[in-house]
Amino acid sequence: MSKERLELVKRRSTLRMVGDGVHYADILDVYARIADWEEWFDAWAGKGEHYAALAREALAQGRRVSAGEWLWQASICYQYAQFQFSHRPEKRRLGQQKKAE
């Protein structure tokens, strides 16, 4: 069921994700690294943390526009980490919290 769920979400969500501003290269990277629905949250949360780290670095260097872009990317990655992940409420809450930070 979990692999089938992953394939269903990929089919139904990829275009929406691109439309929402997720970089297509990030989508391809995550999809290449996961084989099961249970890996979805951690893969997208990892992307979110990557972009959050870039934002912190940019802010420390006074590059506010770049930081804003990185924070947006972090937020949208956390959005899609928790997206449809209601079967793990603790992870969903974490994703919701992180996307708002």
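**Exercise 1. The chain as a whole**

What percentage of the 101 residues in the chain do buried residues make up? Then describe the fold elements and the exposed surface.

*Solution.*
Step 1. The model is predicted. Buried residues make up 37% of the 101 residues in this chain.
Step 2. Take the secondary structure. The chain has 5 helices and 0 strands. Read from the N terminus, the order is α-α-α-α-α.
Step 3. Take the contacts with a separation of 6 or more. Of these, 58% join residues 24 or more positions apart.
Step 4. Turn to the surface. About 5,900 Å² is exposed, and carbon and sulfur atoms supply 55% of it.

**Exercise 2. The core**

Find the residues with the most contacts inside the largest nonpolar core, and say which helix gives the largest share.

*Solution.*
Step 1. Start from a general tendency. In soluble globular proteins, nonpolar side chains tend to be buried together.
Step 2. The largest nonpolar core here has 23 residues, and M17, V22, W40 and W44 have the most contacts inside it.
Step 3. Helix 1, helix 2 (24-33), helix 3 (40-60) and helix 4 each give two or more residues to this core. Helix 3 supplies the largest share, 7 residues.
Step 4. Look around W44. Leaving aside neighbours within four places in sequence, W44 contacts M17, V22, D26, I27, V30, C77, Y80 and A81.
Step 5. Now check helix 4. C77, Y80 and A81 are among the buried residues of helix 4, which also include A67, Q73 and I76.

**Exercise 3. Helix 4 and its end**

Compare the span of helix 4 with the expected value, then inspect the residue just after the helix.

*Solution.*
Step 1. Helix 4 covers residues 64-82, which is 19 residues.
Step 2. From first C-alpha to last, helix 4 reaches 27 Å, close to the 27 Å expected at 1.5 Å a residue.
Step 3. Just after helix 4 comes Q84, with a positive phi of about 60 degrees.

**Exercise 4. Salt bridges**

The structure holds 6 salt bridges. Work through the pairs E7-K10, D26-K47 and K47-D29.

*Solution.*
Step 1. E7 pairs with K10, with the closest N and O atoms 3.3 Å apart. Both lie in helix 1, 3 residues apart, about one turn of the helix.
Step 2. Why does that spacing suit a pair? An α-helix has 3.6 residues a turn, so residues three or four places apart point the same way.
Step 3. Classify the two partners. E7 counts as partly exposed because its relative accessibility is 37%. K10 counts as buried because its value is 16%, and the cut-off for buried is under 20%.
Step 4. D26 and K47 meet at 3.4 Å, N to O. D26 is in helix 2 and K47 in helix 3, so this pair ties together parts 21 residues apart in sequence.
Step 5. K47 also bridges to D29, at 2.8 Å between the closest N and O atoms. This pair, too, links helix 3 to helix 2, so parts 18 residues apart in sequence are tied together.
Step 6. K47 is buried at 13% relative accessibility, whereas D29 is partly exposed at 30%. Shared partners join D26, D29, R33 and K47 into one network.

**Exercise 5. Two sites on helix 1**

Place K3 and V18, and list what surrounds each.

*Solution.*
Step 1. K3 sits in helix 1 (residues 2-20). Beyond residues up to four places away in sequence, K3 touches A35 and D36.
Step 2. K3 and E38 are 35 residues apart in sequence, yet 8.8 Å apart from C-alpha to C-alpha.
Step 3. V18 also lies in helix 1. V18 counts as partly exposed because its relative accessibility is 37%.
Step 4. V18, Y24 and L28 make a nonpolar surface patch of about 280 Å².

Methods
Residues are numbered from 1 along each chain as its sequence is written. This is a predicted model: local features need pLDDT of at least 70, side-chain atom pairs count only at pLDDT 80 or more; totals for chains, interfaces and linings use all residues. Side-chain values use heavy atoms; hydrogens and water are left out. Helices (H or I, at least four residues) and strands (E, at least two) are DSSP runs, numbered from the N terminus. Contact means heavy atoms within 4.5 Å. Patches are made of residues with over 30% relative accessible area and no salt bridge: like charges are joined within 9 Å, nonpolar side chains (Val, Leu, Ile, Met, Phe, Trp, Tyr) within 5 Å. Accessible areas come from the Shrake-Rupley method with a 1.4 Å probe; for residues, only the protein chains shown count as cover. A salt bridge is a side-chain nitrogen of Lys or Arg within 4 Å of a carboxyl oxygen of Asp or Glu. Buried means under 20% relative accessible area, exposed over 50%, partly exposed in between (1.4 Å probe, protein chains only). The expected span of a helix is 1.5 Å times one less than its number of residues. A nonpolar core is a set of buried Ala, Val, Leu, Ile, Met, Phe, Trp, Tyr and Cys residues joined through side-chain atoms within 4.5 Å.
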